[in-house]
Amino acid sequence: MRPLLQSVQHTANCISRSNSTSFIGLGRMGYQMAYNLFSKQYVQADGSGSPGFVVCDAVADSARSFCSEFSQQYPGAHISIATSPEEATIASSRIITMLPSSPQVKSVYSESIIPTLRKLHMESSEYTFCIDSTTLDVVIAREVASNVERTGARIIDAPVSGGVTGAKAGTLSFLVGGTEEDFEAAKPILALMGQRIIHCGPSGAGLGAKICNNLVLGVEQVVVAEAMLLGRSLGLDPAILAAVINSSTGGCWASSVNNPVPFALPGKSPPCERDYEGGFATSLMLKDMGLASDVARQRDSPLPLGEAAKEIYAHIIQQRPDLAQKDFSSVYQYLKGEATV
Ligand code: NAD
């Protein structure tokens, strides 16, 4: 049988594994993140020792359209498609994953990346560095990380904040969990996709911080919708009410940036002014509230408001499936519908 490392050169257009980066998961976030990362790496290399880029997605068309768009903009770049996470692992010593949630991370790592790393590291002492930017369960992430590390490879959790707009602009915040050494090693890579890179602690700490932040956000967006509706019923002008809240103690991102009422924020253009398109999907917020709820139960930590907000997002998806992929500030539309029933 041919050693795994011999097939690497073929996969990545004769680029060595140590000079190649694989990106697995080209969804709404991953596509933009990979594009920023690869284009900046390509420009940095400036023709010398041109790096290899490998993309992989369960939907083959996503990888194909990424490759075709990238090759058109950077005709000299060495970019190829891996048809499986195994192939992506063989091709590159840097692997970034941006998958939907826990089941996908568990299966991609446990069934593909980890067994491949085990074989690769048996054949050579070559270094592999994994960055998982998915938002997933902390316990599963720690389990995956310890299995990756047992192969001799390194891994950090680096979930992001900043949404699709931040992914596209390269202004994401990365919340990192891992050793100090791995954090330092990841920084130059993450800096090509984001602006703020925060070391939150050991493995799983980045995810813990991300889940706590989204718990606050999920609750705040509901209460801002409630307040804006109550103000409406009292005959208040939404722009005046939003201005009062945002200059008073109730001000928060959910009211000052993601206000759910069209034209409540003059000069800004929140998702509600685009029929709640282009933001953070209600289904993803429900997933993140579920992650907070699971971890709170395991730790016996009280979550009365978090649980109530989670139920509201669950009801939205059951009763208004049209809002599942809309921005989660569409909770306002759901509550408005409830009020008029
Ligand atoms: P997405 O569903 O758009 O993308 C996930 C991608 O992973 C898809 O392209 C899918 O085909 C691919 N995929 C699934 N299983 C796979 C497998 N086995 N092998 C290879 N590819 C596979 O999700 P997204 O919006 O890009 O979010 C990704 C992660 O980032 C989620 O954990 C989400 O919670 C988090 N996040 C999203 C946002 C946002 O605004 N969308 C913001 C912050 C964090």
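This note goes through an annotated lysine, a pair of packed helices and an annotated domain in a predicted model.

1. The residue to look at first is Lys210, where UniProt, in an unreviewed entry, places the feature "active site". In the model, lysine 210 lies in helix α9, which covers residues 205-233.

2. Is lysine 210 buried or exposed? With a relative accessible area of 6%, lysine 210 is buried, because the cut-off for that word is under 20%. Once its neighbours within four places in sequence are left aside, the residues in contact with lysine 210 are Thr135, Pro159, Val160, Ser161, Leu175 and Asp288.

3. A second place worth attention is the packing of helix α5 (residues 102-123) with helix α6 (residues 138-150), whose axes are 10 Å apart and meet at an angle of about 5 degrees. Angles under 35 degrees count as roughly parallel, and α5 and α6 are therefore described as roughly parallel to each other.

4. As for the residues that make this contact, α5 contributes Ser102, Val105, Lys106, Tyr109, Ile114 and Leu117, while α6 contributes Ile140, Glu143, Val144, Asn147 and Val148. Sorted by kind, the residues of the contact of α5 with α6 comprise 7 nonpolar, 2 polar and 2 charged.

5. Finally, the unreviewed UniProt entry lists residues 204-335 under "domain: 3-hydroxyisobutyrate dehydrogenase-like NAD-binding". In the model, the chain over residues 204-335 is 61% helix and 0% strand, and the C-alpha atoms at the ends of this stretch are 35 Å apart.

Conventions
Residues are numbered from 1 along each chain as its sequence is written. This is a predicted model: local features need pLDDT of at least 70, side-chain atom pairs count only at pLDDT 80 or more; totals for chains, interfaces and linings use all residues. Side-chain values use heavy atoms; hydrogens and water are left out. UniProt positions are given in the numbering used here, feature names are shortened, and annotations may be inferred rather than shown by experiment. Helices (H or I, at least four residues) and strands (E, at least two) are DSSP runs, numbered from the N terminus. Buried means under 20% relative accessible area, exposed over 50%, partly exposed in between (1.4 Å probe, protein chains only). Contact means heavy atoms within 4.5 Å. Axes are lines fitted to C-alpha atoms, for helices over the stretch in contact, and angles run from 0 to 180 degrees between N-to-C directions. Angles under 35 degrees count as roughly parallel, over 145 as roughly antiparallel, 65 to 115 as roughly perpendicular and the rest as oblique. Ala, Val, Leu, Ile, Met, Phe, Trp, Tyr, Cys and Pro count as nonpolar, Asp, Glu, Lys and Arg as charged, and the others, Gly among them, as polar.
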